[in-house]
Amino acid sequence: MTMPYYVAPEQVMKDRAEYAQKGIARGRSLVGCVYDDGVLIVAENPSRTLHKVSEIYDRVAFAGVGRYNEYDQLRVAGVRHADTKGFAYSREDVDARSLANVYAQYLGQVFTHEMKPLEVEILVAELDDDGSDHRLYHIAYDGTIVDEERFTVLGGDAEPIAQRLEHSFDPNWTLGAALRACVAALGGPDRTLGPEILEVGTLAAGNGRRTFSRIVGDAIASLLAEQAGGGRPAVEQA
Amino acid sequence: MSLPLFPPTEDPGPSFVAVLGRVDPLAAGRLGAAVGASPVGTVVAPLSVPHGTTIAALRYSDGVVVAGDRRATEGVSIAHRGIEKVFPADRFSAVAIAGAAGPAIEIVRLFQTQLEHYEKVEGAVLSLEGKANQLAQMIRSNLPMAMQGLAVIPLFAGWDRRRGVGRIFTYDLTGGRYEETDFHATGSGGRDAKTTIKLGFRDAMSRDQAVQLAVESLYQAADEDAATGGPDPVRGIYPIVATVDKGGFDRLADLEVAGHFAAVLERRGGPQRPGGRQAGDGHAIDDEAALGGEQS
């Protein structure tokens, strides 16, 4: 009979964290921030159909980075959670905080008890009813949850991107200004990201009951081309 | 509430009903998903619960009109004067209900949630036919309840974005789904409403003409059927009329519906007197003025 090697718990956790971080760092990053009308989420994503940013419920959006199959499974679970809750109680009882907690519990559980941690970082964003207190819940692979009110960056390159965004951030900027700053922060000094590799979603009060909408193609291009501080062109809704 | 995650081999897919069955079997059972829970075949006297009455739908040149009166009856009493029977199913379709109000409203809620759930999980909107079939399954699963007197008969209408036409679907108790080419009405006053539409229907009507015909059909149904409510200017309650076209679902404001009622009455030569005699001579002008005053 062979005896299993003893491995210190610290070492196990460190190995798992490294494994998860490596997986997450392979993909591109994503930024979520507030602007004058709501919440903006910008992801670098060359695919038009495999989304990183999606709708969960009337005022709640989801975004994920890392392994697609893992965060998409979490996204679907979130939709199921929200729809079941909204059906059992009322639409207004569905909130991002409770969903973010459930996600954090699950990610933490998997991180400590399963062989392989989930190689994802996710964002649960919520549009505030009064338009002043939007929420961005950033949940890491180990279940760590951070509640942001201004902006948050997910992915391997989070640190430098967050530093770049910190310089330009303004809570009252327009959609165009916010988008340009997010794209510049994502790209960094050496790269310019075009509309064809951007995925953009917003939660905005003007969209009716379901506040989530995607900004696609030409609408992204015209927002990017808009002069800073200039007029705001009509945004085409997907 | 835990995170509803399922192993890939047992995933319920984009079906909200299936998810509900796994997460909250009690709620699903209440909706009749557990078929066989109640004895099929024992027909009992209708329970004394609110019943919704007349609903109608018709096609016009670029969409469909769906309308329903506001009365719910419980036996021979009026249970509600302002109940709503026409709902948006999603952005491009409407569902109207007749029958036992409780289960009907629950089915509508489930149907609305299901359409949105599918759209979010799949990232694509169901085809209009797909939506119509989903509703058929829900009506089918209500059969045990229907056998106990709690029947729900919906009308489903919407804008088919792939074909670019408005389409109307009708149902029977067993979930049978039938497509109507032009119009349909159901509920206790459905026969009168349908006859009115049949007489006034023309191909390629404008939106206004179609709305007016729908309003007139409800007026005639209310005239003949005790369980159908007519326009109620005293309380400011008017039937719900909605249109679905390529711009999506749009519910008409009460004021606009009231205007159409006034137009219907005017076209018929003012308010009718008992015995079928028309208000004639010099009195007609006074009567119309009085009516206009009430409705403004």
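A salt bridge here is a side-chain nitrogen of Lys or Arg within 4 Å of a carboxyl oxygen of Asp or Glu. Keep that in mind as you click around this predicted model.

**Stop 1: where the chains meet**

Show chain A and chain B in two colors and look at the contact. Chain B puts in 24 residues and chain A puts in 24 residues. Together they bury about 2200 Å², with carbon and sulfur atoms giving 60% of that area. Now select B:M1, B:L3 and B:K120: these lose the most area to chain A on the chain B side, together 32% of what that side buries.

How many salt bridges does the rule find across the interface of chain B and chain A? There are five. To see one of them, select A:D83 and B:K120, whose closest N and O atoms are 3.1 Å apart. You have met B:K120 already, in the group that loses the most area to chain A. Between the two chains you can also hunt for eleven residue pairs in polar contact.

Which elements give two or more residues to the side of chain B that touches chain A? Color α1 (16-23) and α3 (101-122) of chain B, and you have them. The largest share, nine residues, comes from α3(B). Sorted by type, this side of chain B has 13 nonpolar, four polar and seven charged residues.

**Stop 2: a helix from each chain**

Next, select α2 (residues 68-88) of chain A together with α1(B). Their axes come within 11 Å and cross at roughly 80°, so the two helices are roughly perpendicular to each other. Show side chains for A:R80, A:D83, A:T84 and A:F87 on α2(A), then for B:F16, B:V19, B:L20 and B:V23 on α1(B), because this is where the helices meet, with contact meaning heavy atoms within 4.5 Å. In this contact, five residues are nonpolar, one is polar and two are charged. A:D83 turns up here, and it is also the partner of B:K120 in the salt bridge from Stop 1.

**Stop 3: two helices inside chain B**

Hide chain A and pick α7 (residues 207-224) and α8 (residues 254-267) of chain B. Are they roughly parallel or roughly perpendicular? The axes come within 9 Å and cross at roughly 75°, so α7(B) is roughly perpendicular to α8(B). From α7(B), the residues to display include B:V211, B:V215 and B:Y219; from α8(B), they include B:V257, B:H260 and B:F261. The whole contact has eight nonpolar, two polar and five charged residues.

**Stop 4: a bridge within chain A**

Bring chain A back. The structure holds 43 salt bridges over all chains, and one of them joins the side chains of A:R191 and A:E44, at 2.9 Å from N to O. Find A:R191 in the loop between α5 (175-187) and β9 (198-204), and A:E44 in strand β2 (residues 38-44); this pair links distant parts of the chain, 147 residues apart.

Notes: Residues numbered from 1 in each chain as written. Chains lettered and ligands numbered in written order. Predicted model: local features only at pLDDT ≥ 70, side-chain atom pairs only at ≥ 80, totals over all residues. Heavy atoms only, no water. Buried area = accessible area lost by both parts, 1.4 Å probe. Polar contact = N/O pair within 3.5 Å; in protein donor to acceptor, adjacent residues only side chain to side chain. Helix = DSSP H or I, 4+ residues; strand = E, 2+ residues; numbered from the N terminus. Nonpolar A, V, L, I, M, F, W, Y, C, P; charged D, E, K, R; others polar. Axes fitted to C-alpha atoms, helices over the stretch in contact; angles between N-to-C directions. Parallel < 35°, antiparallel > 145°, perpendicular 65-115°, else oblique.
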